[in-house]
Amino acid sequence: MMTFARTDHSILGRWWWTVDRWTLAAVILIAMIGVVLIQAASPAVAERIGLSTFHFIERHLMMLLPALGIMMGVSLLSPRGVRRLAILLLLGSIGGIALTLIVGVEIKGATRWLHLPGLSLQPSEFVKPAFAVVAAWLFALHRNQEGFPGIPIVCGLYLLIVSLLLMQPDLGQTFLLTAVFAGQFFLAGLPILLVAVLVVLGISGLVAAYFALPHVQSRIDRFLDPGSGDNYQVARAMDAFQNGGLWGTGPGQGTVKMSIPDSHADFIFAVAGEELGLIWCLAIAALFAFVVIRSFGRAFNEQSLFALLAASGLVMQFGLQALINMGSTLHLVPTKGMTLPFISYGGSSLLALGIGMGMLLALTRRRVGPGEPL
Amino acid sequence: MTDAHLSLTGFDMAGLDRAPTRAEPRVRYQSRTQTALEQGRARLIVTAALFSIAFGAVGLKLVDATVLSQGAEPQATTAATAKPPQAGRADIVDRNGVLLATSLSTQSLYADPKLVIDPVEAVQKLSKVLPDLNGEALLAELRTPKRFVWVRRNLTPRQQYEINRLGIPGFAFQREERRVYPQGSLVAHVVGFSGVDNNGLMGIEQRYDQRLRSGEGPLRLSVDVRLQHVLRKEIGAAIEEFRAIGGAGMIMDVRTGELLAMVSLPDFDPHNPPPPQQEQDTDPRFNRNTLGVYEMGSTFKIFNTAMALESGRVRLHDSFDATKPIRIGRHMISDFKPEARWMDVVDIFKHSSNIGSVRMAAEVGPAGQRDFMAKLGFTRPVSLELPELGWPMIPNPWREVNMMTISFGHGMSVSPVHLVAATAGMVNGGILRQPTLLKREKGDEVPGTRVISEKTSDVVRKLMRTVVMDGTATRADAAGYVVGGKTGTAEKVKGRAYSGSYRISSFVGAFPMHDPRYVVYVMVDEPKGNKQTFGYATGGWVAAPAIGRIVAQAGPILGVRPVDANAPEIVHALAINPQQSAPGPQLASFPGGQR
């Protein structure tokens, strides 16, 4: 591995000595495990849907390498640069989501994709890290500058994005965005009474979604009572874990994975369970946990409220996505389409995660003092 | 932020807990930032703790899913809860549990024209397996842009195998249920049939459609296929012998009202029911027993006699003038085989005298007769578990001339099942019970209404026995079963007038007459006399012999113990009071002055 002299004051040299190298290493390790798993899981899927055997692997690598590159590049930015990037990205992705409603292509009952020459983008993936950073900025402004209406602005922004997302509809992203926003709001000093009110509101929102949206209801019913309906993927996923046992069947040796339709995407953790076994699954979970806890630790030491809020927002998004994915694969929570960061196949998701983690790394770089003024 | 701010921040760290006040704006600003940061950090710990717990849960579940559940059975995949498939249509069984109707699962062939590559070749190949296939029509259908075309419903397993082996793309099988009637046409009019979509279209199948769909157990009918066989065979034989156009018959348990057999000929194959026809006489689907209403002829004299005796105005040995025909308006009422003498009630019944019957009815009058007929249920359709029930045709107004003709069974039409139910009520001690096609369980309360006294019923039984012993129906007897009954020969209305050569010959009987258990009825529609019958086609010649043969075969099936008809106790039980019998006509009284 390349090293830099402690006295190297070039941009890269400073970066190397200030960036959270452990988190960076963990993310790259996760991505490498992901390549192995995609390699194992996707040929069966590709053949089933009539694509060439290595279609998904090629596509995955084509997206993963740029994503990692973007992550590195973004991590070079200063907090101010991060903020500017986030604002631009937020404007772009909100526009993109609005555009999907007009020119989007409907896939599986929702219009989430924008088809550009060469690639398809899912703008809702990019709105999450962008909004986390912008929200952190507005919260920090509200707390630090008297008279600045940061919270009303951020709430308005939140409502705008959520209503756009619900029009697609994309409940998974809505949920994740809301959870991260609520977490940031909590960190930004929301009065405890309001926290309680919001928790109640959130629960009633979920209950309302349960009764108002039939497919949410069926998901939750199937989670609570596996016998009540089609929980094929989850049942197969559990079989896969069971088949894997402690040591796994070995990469490429799994058989249950063949019968999991989304094995290369939302259910890739089950492939890990079958082929790599408990030890490696625990290692993957531990890697995610490591990134999350360590980033929280770095955020804790931030001297500026903006950096603290933005870093925690980004890491919450990363952690929640991993938790929900692993949880639904393990039948801990109801199934919700969500990718396992840096492991699952999915171009937009990878790029957005690259940007998000890049911003996280940029924000958690060791700095002297509270950083630049806001 | 500037360096100046930084130093102040450091300064303020000590006073972190102090509540900021508006009086110190500079410090408040610093304190405010720092408070927010500290609060954020504190809450960050909470958040991080929650995340740690969540990751811990994932880890634990991982251990559980991989190692702890090792060796457990793989989870059974549960299919999505679809609408539960319609439970099979319930079976229909006879009183002994013999299958009358059941549902078999079959395969039906359909095509998705969009997927059929070469319709001509497909039709060509299919025709080899299904030679009766309408190739032209199918070809036309296969060329439409439809996505679903029935080719053939309910294939046999062999046909399915052959078609499968052809391997024509675009053709597939759909599991279906087919109603099968193992007894064929034997109980066709009772059971009825179901359409291709398994909805009842006739008989019990239609009447109990909901019940049969509801998934309850088999529906048990009162009929006994063994008796059904006997009845059908003998009626068929009578129809053939007398070149009749049809016939019908029933056997009823007089104690419960259960119909043990019900046959209407011609009948049909319920698997392939013929289209209904306009002309009921030749329609195989027409149930003569329930839907047909006929002038019953002399069998009605059972009720006429019972009515007269029950009224108290006529006694058994009263004599009436039957010396010459009665003329009323332009009608002439005469006897078929005139005795041309004074006759008492016993003789009138035994010789089936129309004139005598009119004289007896006159003692009761039109109103009394109408009330009695209504009491017997002759003014309304019977209440039976079939959709095919005929309305009786009754005179309105009920004048004297109607009374006269009704006394010997003309001028009023009822269905044979009316007649059978009422006859059962005459011989069973006087209780009219609703006829039923459903099996009554032992101990079931069988409701009934008293229509005549036990005494009158007793006399009617004796009279019916004399008809078989030395009256018009000696051929109806079956050795050991003490049959009694009454013949009937009714002229049919053809066009607008009675026709002498088109008649309905019938016999309604019961056995054993000393303790009647069963009523047996046979009617033959438009019989033609032959050499053996010396050209006669009356009830006594046509229907009575069939009854004799039916009882001889049904008796053992029903478990009726044969007795010696000449045994003293039987003779005594059926003897008409000898002290009062055979008085001369000159000794009789003539109440009412009907001369």
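A residue is counted as buried when its relative accessible area is under 20%. By that criterion, 52% of the 595 residues in chain B of this predicted model are buried. The exposed surface of chain B comes to about 27,200 Å². Carbon and sulfur atoms supply 53% of that area. Chain B contains 17 helices and 18 strands. Among its contacts with a separation of 6 or more, 70% join residues 24 or more positions apart.

Confidence was examined next. For the complex, the predictor gives an ipTM of 0.88 and a pTM of 0.53. The average pLDDT of chain B is 83. A score of at least 70 is reached by 88% of the residues of chain B. Confidence in chain B is highest in strand β6 (residues 246–253), at a mean of 94. It is lowest in helix α1 (residues 3–12) of chain B, where the mean is 39. Residues 1–28 of chain B stay under a pLDDT of 50. For this stretch the model has 28 contacts beyond four places in sequence. Residues 578–595 of chain B also have a pLDDT below 50. There the model shows 21 contacts beyond near neighbours in sequence. Where pLDDT is low, predicted coordinates should not be read in detail.

One residue of chain B was followed individually. Ser506(B) lies in strand β17 (residues 497–511) of chain B. Ser506(B) counts as buried because its relative accessibility is 1%, and the cut-off is under 20%. Leaving out residues up to four places away in sequence, Ser506(B) touches Met296(B) and Thr299(B). It also touches Lys486(B), Thr487(B) and Gly488(B). Further contacts of Ser506(B) are with Tyr521(B), Val522(B) and Met523(B). Gly539(B) and Ala543(B) complete the list.

In chain A, a helix pair was analysed. Helix α13 (residues 305–329) of chain A packs against helix α14 (residues 347–363) of chain A at an angle of about 145°. Their axes are 9 Å apart. The crossing of α13(A) and α14(A) is left-handed. On the α13(A) side, the contact is made by Phe306(A), Ala307(A), Ala310(A), Ala311(A), Leu314(A), Val315(A), Phe318(A) and Gln321(A). Helix α14(A) contributes Ser349(A), Leu353(A), Gly356(A), Met357(A), Met359(A), Leu360(A) and Leu363(A). Of the residues in this contact of α13(A) with α14(A), 12 are nonpolar and 3 are polar. No charged residue takes part.

Definitions and conventions. Residues are numbered from 1 along each chain as its sequence is written. Chains are lettered from A and ligands numbered from 1 in the order in which they are written. This is a predicted model: local features need pLDDT of at least 70, side-chain atom pairs count only at pLDDT 80 or more; totals for chains, interfaces and linings use all residues. Side-chain values use heavy atoms; hydrogens and water are left out. Axes are lines fitted to C-alpha atoms, for helices over the stretch in contact, and angles run from 0 to 180 degrees between N-to-C directions. Helices (H or I, at least four residues) and strands (E, at least two) are DSSP runs, numbered from the N terminus. A crossing is left-handed if the near helix is turned anticlockwise from the far one by less than a right angle, and right-handed if clockwise. Contact means heavy atoms within 4.5 Å. Ala, Val, Leu, Ile, Met, Phe, Trp, Tyr, Cys and Pro count as nonpolar, Asp, Glu, Lys and Arg as charged, and the others, Gly among them, as polar. pLDDT is the predictor's confidence in each residue, from 0 to 100. Buried means under 20% relative accessible area, exposed over 50%, partly exposed in between (1.4 Å probe, protein chains only). Accessible areas come from the Shrake-Rupley method with a 1.4 Å probe; for residues, only the protein chains shown count as cover.
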